[in-house]
Each structure stands twice: as C-alpha cells, then as structure tokens.
Amino acid sequence: MKHLNEYRDPELAGLQLQAIRQVVADGKRTMTFMEVCGTHTMAIYQQGLRSLMPEQIRLISGPGCPVCVTPVGYVDQAVALARRANTIIATFGDMVRVPGSSSSLQQEKARGATIKIVYSPLDAVALAERHPGTDVVFLGVGFETTAPTVAGAILTAARNKLTNFYVLCAHKTMPGPMAALAGDPELQVDGYLCPAHVSAIIGANAYLPLVEAYHVPCVVTGFEPLDVLQGVLMLARQVVAGVARVETQYRRVVKPQGNLKARALLDKVFVACDARWRGIGDIPGSGLQLRADFARFDAARQLPVAIEPPVEHPGCLCGEILKGKGSPHDCPLFRTICTPEDPVGACMVSSEGTCAAEYKYGT
Amino acid sequence: MKSEVILLGHGSGGRLSHDLLDNLILPILSGISQREQNDAAVLDAVSGRLAFTTDSYVVDPIFFPGGNIGDLAIHGTVNDLAMTGAAPLAISVGLIIEEGLAINELKTILESMRAAADATGVKIVTGDTKVVPRGKADKLFINTTGIGVIAEGVDISGSNAQPGDKILINGTIGDHGMAVLSSREGLQLESGIVTDSAPLNGLVKQLVLGLGSHLHTLRDPTRGGLATTLKEIALQSQVEITMQESALPVTPAVASACAILGLDPLFVANEGKLLAFVAAEAADQALAIMQCHEFGGQAAIIGDVIASANGKVRLHTAIGGLRAIEMLAGEQLPRIC
C-alpha cells in the first residue's frame, strides 16, 4: 500500500498540476485528450481529476470499456444461448445486466436460465469439467488484457479434451478504434492517454502507425492519479511543441514490444477479424476470432441459435458518448429513465462505463 | 441427535423437530427448559420508549474469516437497536435451514449466536425453526428481531444531523465486505482480511453518556457502505456533507484487495462500524471515547456537515480533487479490464 500511496501524494500532484498549468498558459487553444481505457475512466472520476485541470484541458472518455463497446446483437446471441436446454452461460459480472433488444442475461436467469458469474475463464473450464452433460459457454468479451486468459482457457480445454466448453467470442483490439476516431473530423482529439493494461500486452510500439498516420500524440499512461497527471503533462508538452510521438509514462510496466508471451498466446489461438463496435461501427481487423484449429470451441459456429433482430433504444446516446462526442448529460435518458438499477445502454452498466462513472461520481 | 445432517423431518413439528429443539437449539441459545416453553415469550414491562427492529441474514458463505452468519445476525440487530441509542433487551431468532446442512455446522453457528448475545447482554427469548427442501434455500437463513429501550432525553436520529457537526467513524472501512468476498468460491484471494462484525451497543452507551445532547445521529454503514449511509443522512437531515479521503481509515489489505478487484472501499459493507454526527465542540471528546473503546481504536474524524439543504455528499480526494458521492447503485461488481 505504501507503493500505492506514492502515486497519490498530494504534494507531488500539486507540482505536476503547476507544471501542466505552465505548459498550457501561453497556448490560446484548448486541448482535448481522450483516454480509451475503462480503468482510466474510473480513476479520473474517482480521484476528481477533472476538477483539478486548467480550463484549457478537456479530458474525454473514448471506447475503452469492453462491455460498453459490445454491440447489442452479441447480448441477444448470449440471451438466445442462455435459453438453450442443457446450457450454462459463464460470464464476468458486468455482462449479466447489459440490456439486449428485448431481454438481458439477468432476466433470463430470473426465468430459469443457468448463468454463472466467474472471475476467470479457467473457472468456466472447471464448470465444463464438473458438468460433462452440459454445454458451458463463456462470454469472451474484453481487449488484449482479457483475451490471453481466454486463449489460455481454450488451450486448457483442448488439453483436457473437453467437448462441452465453448467461447462466444467478441474480443476486440486496440488501437483500431483510436485510428477511426483520430480520423473523425467532427472530433478534435489532440492526444491519447493510451491504455495501461492493454499496452502492457501489445507494447508501446503498437501506437507508432497511429502517430504516423494521424500525427496525434500518444502517451501510454498508468492508472494512479500521479500517472494520469504526468500523462496529461507529457501530452500537453507535445501539443505545445507541435510534435506527435509515442511516449511511455507507465514505464514501470509497459515495454516497447509488450508482453511477448501473451502475444504469442493470442496469436496461437486467435486471428484478427473485422469487428463491430457499438457507436463506432465496423472497424477492419479490430476483433479476434478463433483460429480454424480451435473452431470446435466457437459457440457462434457450433451452437447455432435464432437471434432476434437487434433493436436499440432510439434515445440512447451511448454511441456518441463512446466516441467522445457527447457527454452523459447530453443524453435525454441519463438519470431519468437510464440509471444503474435500470440501465438502457451498456455505458450505464459497467462500472467502467462513462455514464455509470458520471452517475456515481460526477459533480 | 442421531443424524449428522438436517433432514426435512427436523422441520415437521414432530418428534425430530422436538429432538432438534430440545437437544440442540434451546440448550445452546436460551437454556429454556421444556417446562418453561410457551407459544410466546413474556417480557417484563419497561418504562421509556422502545426501539424495535428486524433483519434477515442470507450471507454467502455462512462461515467467513472472523465470523459466521450466527454472530453476524446477533451483532447486526443489536447494532440497529443501538443506532437509536437503545439498550438491547431481547431478541428473537428465526432459522430457515436447507435440508442437508451439517448438524455440527449448525451447532457452531448457534454457539456463536449465544456467545455474541452474552457479550452484548441481550437475551434470546423466542424463535422459530423451519427446514426447506434442498435447493430451496442456501444452507441457512436467519432472521433476528430485537427490542431495546431508549433512555429518557436521548434523541438520536438520521434526521438530526446539523450544520457544523463533525462526522466520526470508529475504525477502518470495508473489512466485512472484503472478508466475505475474498472467501467466496471461485475468488481465490488470500487476503487475510477478517470481518469487523462486532456489537456496538457498549460503545454507543458510552457515547450517549459522555456526549449527551451533542450526539445527534448514529448509523451503521452496512450494505452499500459508508458512501450510501452518508448520502442517506444528508438527504434525511437536508444538509450537505463533505469528507476528506485522506482521513478515512482503510487497512492496507482492504485497500489492496479493492484495488485488485476494482472496488471502492467507500461502498463496501461494514458490520462493526458506526458513523457518529456530533456537535463540533464535542468532537474531540467523542474521538477520545471511541479510541479508548475495544471497537474504536482506529476511530477518526472524517468529515463535516455544511449548512445547505441540497443533500449532497462530496469527497475531497487524497490528491486534492473533488468528487460527488452517490448511493451504491446496483451491485459492486469486480472489473474485467
């Protein structure tokens, strides 16, 4: 904990803020920095960092919450699978409450479906081992941080010759959506606070093509308050100097090449595919699907179900909010009919969602 | 007791039920002999106002580091009485047992209940036992209902917090919730965190005696944690509350476990903590009373009540930021990213 406190020191925070103010003092323009990591979203809200920023700096949240960027059709497919006989859905907790077109896993559970919340994909493999006559479907949602553990679970299932373990795969990868948003003329992103956990896997070098193509500064930043403040300072310095580079603030964890073991694991089990991002649309090569060798574990291919046509609430602004174009307060549903108890959009479900964070911590 | 597990017949009202009651439950919980048994307990009349409360306990797992569902069920109801300033008098125990519960586990839980009741000075005077088929309950559910008496002149209520009040807590937050969570099946988190479940009536008695009318509000921040309770009081009393994060006592183990799971200790349950709103001039005395008490060694002054009828709660974060605090919405779920 002493280690944690070192990154929350109010005196050092004061010095960082002073440095940020000095850097932006001469500049006449405002700077918009986007983070694309749910844990950054939470850290910024939890520590009240926006309240400390000089007025020239605007911090916005992008598509960094894996639950939030999962399209409604995926939830509908999970709901349809949950309705199958002899099926257990194993999932991380957040997905249970995400509304689909007409139902949610939470509602299916109340009606008798077997939905198990697990803390690790290996728990889902263990479930399959304990219930040999039942199909266990793990909901594979998450970025490169989660995907290696799912790859590990699939390899374990293969080694143990399980025939009743499946993954409904909707894994997504960075930095595809960052490039999509950097090229969006309506959205002026002046710099990215690049995700910490994801970058620990993919490495800081993964952002080089993005910087080259869009001339947008990128700083790989940690989660602690001092990390975020230093990340903002590094971005502001790049903007003022008129340069765009990949820099790593989170050097104690992130290497230029990332975690080679985890990347090899990902590469063994998954192959890149096009993916649909809620609010952003289809981004080529931004998803992961199971390689042909592991197709027998693919729930989408092995367990066909009829899926209802996807319907989203017409008033829900999740899409605009995920792109950083809107704030929760722009949404007519926020706090009125969309609340954490009765969420309309996924951004209100996940603790890392912008709407949930704004609801809980916003001033 | 012939069987090693609870059978459906133990709830039938017949011979097995009597066996369970006469040979296990009554000797442990109350010591009432068969000749004294009636359909209702008869209590002596007391003078003064009565406090009356009920709570049901469904904690999973039923045994967790530092306690079990039994002592929790006594502490919880005794504490609810104490938060009105009442001295607990009598308590009832309703047991809903799932068929198949090991008798020795039930025995351990009943013994914990008795020990907890003895430690608080409350008497278990009546009860009920039901057995439901396997799968219709989760091992054991306990309801406890308590009656307490409030001394004359004591006026402690959630609507009594006043501008200028100091807010105190009698120790670290989040211990119970994290102890239970880390002992759940599937979450192999060897944290060493122990529940803070404890009876608070003794501490409340000292606060009432020592602070008199300077003691305005007491509440135990159980489910929903400190944040939810402060928000409730801000709304009930129509005041604004500000808190200092750096003043909040949190053990390193709880802070680390919360950091790993992506939880906020402000929203994690406590079972042996109370928040006291006291007039500013009595704050140091209140702190001294707490710090000298068995269950208040790490007490701290954590916030202030401000004259504004907006019901807001704000937290000054450790690094100097400001954020709003709302009630716990939904359930705190471990993060996945």
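Domain bounds, as used here, come from an automatic or database domain assignment. On that basis chain B of this predicted model splits into domain 1 (8–150) and domain 2 (166–324). Taken over C-alpha atoms, the centres of domain 1 of chain B and domain 2 of chain B are separated by 27 Å. Where these two parts meet, domain 1 of chain B puts in 20 residues and domain 2 of chain B puts in 21 residues. On the domain 1 side of that contact, helix H2 (69–82), strand E4 (86–98) and helix H3 (103–120) of chain B each supply at least two residues. H2(B) gives the most to this side, with seven residues. Sorted by class, the domain 1 side has 12 nonpolar, seven polar and one charged residues.

Chain A can be looked at in the same way. Its assignment gives domain 1 (32–313) and domain 2 (318–361), and the C-alpha centres of these two domains of chain A lie 18 Å apart. The contact between them takes 27 residues from domain 1 of chain A and 19 residues from domain 2 of chain A. H3 and strand E2 (57–61) of chain A are the elements that give two or more residues to the domain 1 side. The largest share of that side, six residues, comes from H3(A). As for chemistry, the domain 1 side in chain A divides into 14 nonpolar, nine polar and four charged residues.

H3(A) turns up again where the two chains meet. Here 39 residues of chain A are in contact with 24 residues of chain B. Helix H2 (10–25), helix H3 (38–46) and helix H15 (354–361) of chain A each bring at least two residues to the chain A side, and H3(A) has the largest share of that side, with four residues. The chain A side is made up of 16 nonpolar, 16 polar and seven charged residues.

Now for the inside. In soluble globular proteins, nonpolar side chains tend to be buried together. The largest nonpolar core in this model has 126 residues, and A:Val136 and A:Ala236 have the most contacts inside it. Helix H11 (residues 225–241) of chain A provides the largest share of this core, nine residues. Both domain 1 (32–313) and domain 2 (318–361) of chain A contribute at least three residues each to this core. Leaving out residues up to four places away in sequence, A:Ala236 touches A:Ile20, A:Val23, A:Val24, A:Met31 and A:Ile57. Another core, of 90 residues, lies apart from that one, and B:Ile96, B:Ala161, B:Cys258 and B:Val305 are among its members.

A closer look at one strand of chain B rounds things off. In a regular strand the side chains alternate between the two faces of the sheet. Strand E12 (residues 313–316) of chain B shows such alternation: B:Val313 and B:Leu315 point to one face and are buried, while B:Arg314 and B:His316 point to the other face and are not buried. E12(B) pairs with strand E9 (residues 240–244) of chain B in the parallel sense, over four bridges, and B:Val313 in E12(B) has B:Ile241 opposite. E12(B) also runs antiparallel to strand E13 (residues 322–324) of chain B, with three bridges joining them. In that pairing, B:Arg314 has B:Ala324 of E13(B) as its bridge partner. E12(B) and E13(B) form a hairpin with five residues between them, and B:Gly320 in the turn has a positive phi of about 100°.

Notes: Residues are numbered from 1 along each chain as its sequence is written. Chains are lettered from A and ligands numbered from 1 in the order in which they are written. This is a predicted model: local features need pLDDT of at least 70, side-chain atom pairs count only at pLDDT 80 or more; totals for chains, interfaces and linings use all residues. Two residues are in contact if their C-beta atoms, placed from the backbone, lie within 7 Å. Ala, Val, Leu, Ile, Met, Phe, Trp, Tyr, Cys and Pro count as nonpolar, Asp, Glu, Lys and Arg as charged, and the others, Gly among them, as polar. A residue is buried if 20 or more other C-beta atoms lie within 10 Å of its own, exposed if 12 or fewer, and partly exposed in between; C-beta atoms are placed from the backbone. Two strands pair if DSSP finds at least two bridges between them. A nonpolar core is a set of buried Ala, Val, Leu, Ile, Met, Phe, Trp, Tyr and Cys residues joined through C-beta atoms within 7 Å.
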